[in-house]
Amino acid sequence: MADIRHEIPADRAGRSGPDSGGKHKGGGMAHSGLKSFAGLMARQGILVAFVLFLIAFSVFSDRFLSAENIFSVVRSSAIIGVMALGVTVVVIGGNLDLSVGSMLSFSTVLVVDLHDKIGPGPAIVVTVLATLCLGAINGLLVGVARLNSLIVTLGMLSAIQGLTLIYSGGKNVDIVHQDTTWFKIFGRGYIADIPVPIVIFAICAIVLHVVMAYTPFGRRIYATGGNPTAAVFSGIRRSRVVFATYLISALTVAIAAIVLGSRVMGSQNNVGQGYELQVLAGVILGGTSLLGGSGTIWKSVIGVLILGFIQNGLLLLGFEYYVQWLVTWVVIILAVWLDIAAKRGRLLSPIA
Amino acid sequence: MKTTLKVLITGTTAAAAIAFAGAASAEKIKIGITQNNVGVDSYQTTYEKAFKAAAAADPNVDVVVLDAGGDVARQIAQIQDLTQQKVQAIIIWPTNGKAVVPAVRKAHEAGIPVVITNSNIAKEGMPYIAAFSGPNNIEQGKEAADMMCKALNNKGDIVQIAGKPGYTTAIEREKGFEDELAKACPEVKIMDTQPGDWNREKSQRVMEDFLVKYPKIDGVYAADDNMGVGALNAAKAAGRAKDIKFIGATNFAVGYEAMAKGEYYGSVYQSPVDDAENALKTAIDVVEGKKVPKMNYFKTPEITQENMKQFTKPVF
């Protein structure tokens with residue numbers, strides 16, 4: 001409980017301005033320069049880590065900070081990123097969603113396959129609806145039936161995998177006329193010189209940020225995740241809130257699927273496999289508590305971008321892929337540690 | 001006489017199927033196959049269809065078609081069941097080249113010849129098998145290297161997008177390609193190699209990074225067409241596709257189409273139909289006592305823009 005009260009005002013403060021933050025946090029954070037630096041770190045540790053990574057990589061690779069590269073990384077992070085936004089909402093609501101990876105496979109296979117059969121417009125509509133149905137199943141089982149979300153969504157992960165295989169018969173699906181369809185706008189287009197996937201990612205992030213931070217609905221999600229019992233006693237309909245979080249998550253998956261389908265113009269069963277872990281890594285890097293009740297949308301954006309830039313940076317520096325895996329892990333641990341250490345003001349926990 | 005063909009769906013026991021198949025006439029050659037994971041990709045789906053069609057076309061053969069569903073334990077149980085039922089040959093598409101070795105040895109000791117199909121068994125299992133039937137991935141890598149030399153006139157800088165790390169197919173293609181390239185045209189240099197995990201989206205991301213990192217790329221070798229087309233997508237988006245020669249392996253329909261459009265240089269044609277027919281024929285030859293090479297490869301020819309008309313468009 002203490003953690004929730006601690007975190008939400010801090011985020012509010014982070015938005016309204018760095019100075020007001022320390023006071024809201026209470027305690028002895030704002031007494032000296034060092035302390036206020038610690039306060040800044042506590043609120044924005046992940047952002048500081050992000051900037052440090054960027055500086056480190058740009059020292060070693062002159063191409064790293066080129067506009068071309070930055071656009072390229074953000075564009076390819078957009079798919080994981082959009083999904084991470086939805087999963088952040090679920091996690092803040094106190095649950096997990098591991099089914100997003102295979103849900104993404106399902107949705108991309110669906111949208112790409114239907115594109116040539118019923119046209120891009122209807123294909124998008126059907127895909128969004130079908131994906132929402134999958135999200136609704138998650139939502140019913142976790143929200144209404146009150147089953148453990150880890151088990152439900154882990155089960156859905158393989159169930160949807162099976163569904164995708166049944167649908168596609170194991171075949172690759174492709175869009176034949178890639179250059180003439182307007183469907184290409186989502187993955188390959190530009191709006192005012194900015195790649196559309198980035199625009200979509202930004203719009204989704206802003207919308208969800210506003211929903212989570214400024215609407216009663218968003219507050220209810222925080223409350224439900226922070227203390228479900230207290231939330232119910234405060235008159236919040238817990239099951240509806242949880243149900244809604246899974247719908248939001250499914251919607252973001254559908255959006256990601258449309259971007260991916262348009263970008264690749266084809267799909268296969270293994271396309272989304274394992275993405276749920278990257279998504280979760282991004283969310284955790286963003287400092288969202290897996291226990292629910294705390295976290296922010298825009299920090300998940302940073303979390304996903306950190307992962308994207310690390311992978312890109314290591315590749316630009318010419319590391320072998322297995323080094324990339326190791327370093328990615330190390331960076332996640334370091335970033336999370338930095339974040340936690342800054343919050344409690346010391347490296348190791350004072351309580352054994 | 002009508003050929004009896006019994007197909008088992010994942011999860012049912014082999015024994016039941018063989019009981020059915022046993023009702024067929026005794027003088028036919030009875031062959032059992034346990035596949036890796038049908039339905040997981042187009043190649044394996046087409047393979048199974050072609051295998052059944054080939055068996056149905058041969059009046060002297062009776063087959064029991066099983067699928068391990070990617071599960072090693074289930075595959076071992078299926079091998080044991082087939083051994084118990086005394087089929088005359090067992091064809092195995094290993095889910096795991098090492099784990100199936102003991103079961104293969106038992107079958108061998110029971111006097112049943114084992115033919116491995118598509119992906120080979122681990123070295124320690126080699127003494128127990130009658131033959132391996134499948135594609136030669138080292139050779140495929142070599143063919144791709146030769147195409148690359150030709151495409152670039154023996155000079156240039158290229159990048160390589162490999163398969164999923166740890167897969168034998170990925171390792172062998174990479175090795176075949178690198179060794180032959182160093183021999184045939186040492187002035188073609190591989191600047192970088194990264195895995196694309198057999199995934200078009202991943203490959204597209206890797207290629208985007210390569211395009212940023214290297215201002216000049218003359219060629220791309222991808223360990224299958226799915227990844228090759230992902231790389232092509234990335235290069236097209238960056239407006240650099242015209243300067244780059246794309247060479248893949250395992251020709252996919254998308255690669256075939258890109259080749260027809262002139263965007264894709266070439267690939268290696270590997271047909272699941274040839275794969276399946278070669279496996280069945282190898283098993284029949286083994287049962288009939290004909291001499292079969294231990295490594296019985298089927299042909300995987302080069303396919304380029306020039307000769308592509310001789311090939312039918314792949315079904316996957």
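**Notebook: a helix pair in chain A, and the overall form of chain B**

I began with the orientation of two helices and noted that helix 13 of chain A and helix 14 of chain A are oblique to each other. The model I am reading is a predicted one, and I keep that in mind throughout.

I then looked up the geometry behind this: the axes of helix 13 (residues 275-285) and helix 14 (residues 297-316) of chain A come within 7 Å and cross at roughly 120°. Because angles of 65 to 115 degrees count as roughly perpendicular and those over 145 as roughly antiparallel, this crossing falls under oblique. As for handedness, I recorded that helix 13 of chain A passes helix 14 of chain A in a right-handed crossing.

Next I listed the residues that meet, which on the side of helix 13 are Q278(A), A281(A), G282(A), V283(A) and L285(A), and on the side of helix 14 are S300(A), G303(A), V304(A), I306(A) and L307(A). Sorting the residues of this contact, I wrote down 6 nonpolar, 4 polar and no charged.

I checked the confidence of chain A, where the mean pLDDT is 85 and 87% of the residues reach 70 or more. Over residues 1-30 of chain A, however, the pLDDT is below 50, although this stretch has 39 contacts in the model beyond near neighbours in sequence.

Turning to chain B, I noted 10 helices and 13 strands. Its C-alpha atoms fill a box of roughly 65 × 35 × 35 Å along the principal axes. I compared the radius of gyration of chain B, 21 Å, with the value near 20 Å for a compact globule of 316 residues, and the two agree.

Conventions:
Residues numbered from 1 in each chain as written. Chains lettered and ligands numbered in written order. Predicted model: local features only at pLDDT ≥ 70, side-chain atom pairs only at ≥ 80, totals over all residues. Axes fitted to C-alpha atoms, helices over the stretch in contact; angles between N-to-C directions. Helix = DSSP H or I, 4+ residues; strand = E, 2+ residues; numbered from the N terminus. Parallel < 35°, antiparallel > 145°, perpendicular 65-115°, else oblique. Left-handed = near helix turned anticlockwise from the far one by under 90°. Contact = placed C-beta atoms within 7 Å. Nonpolar A, V, L, I, M, F, W, Y, C, P; charged D, E, K, R; others polar. pLDDT = per-residue confidence, 0-100. Rg over C-alpha atoms; globule rule 2.2 N^0.38 Å.
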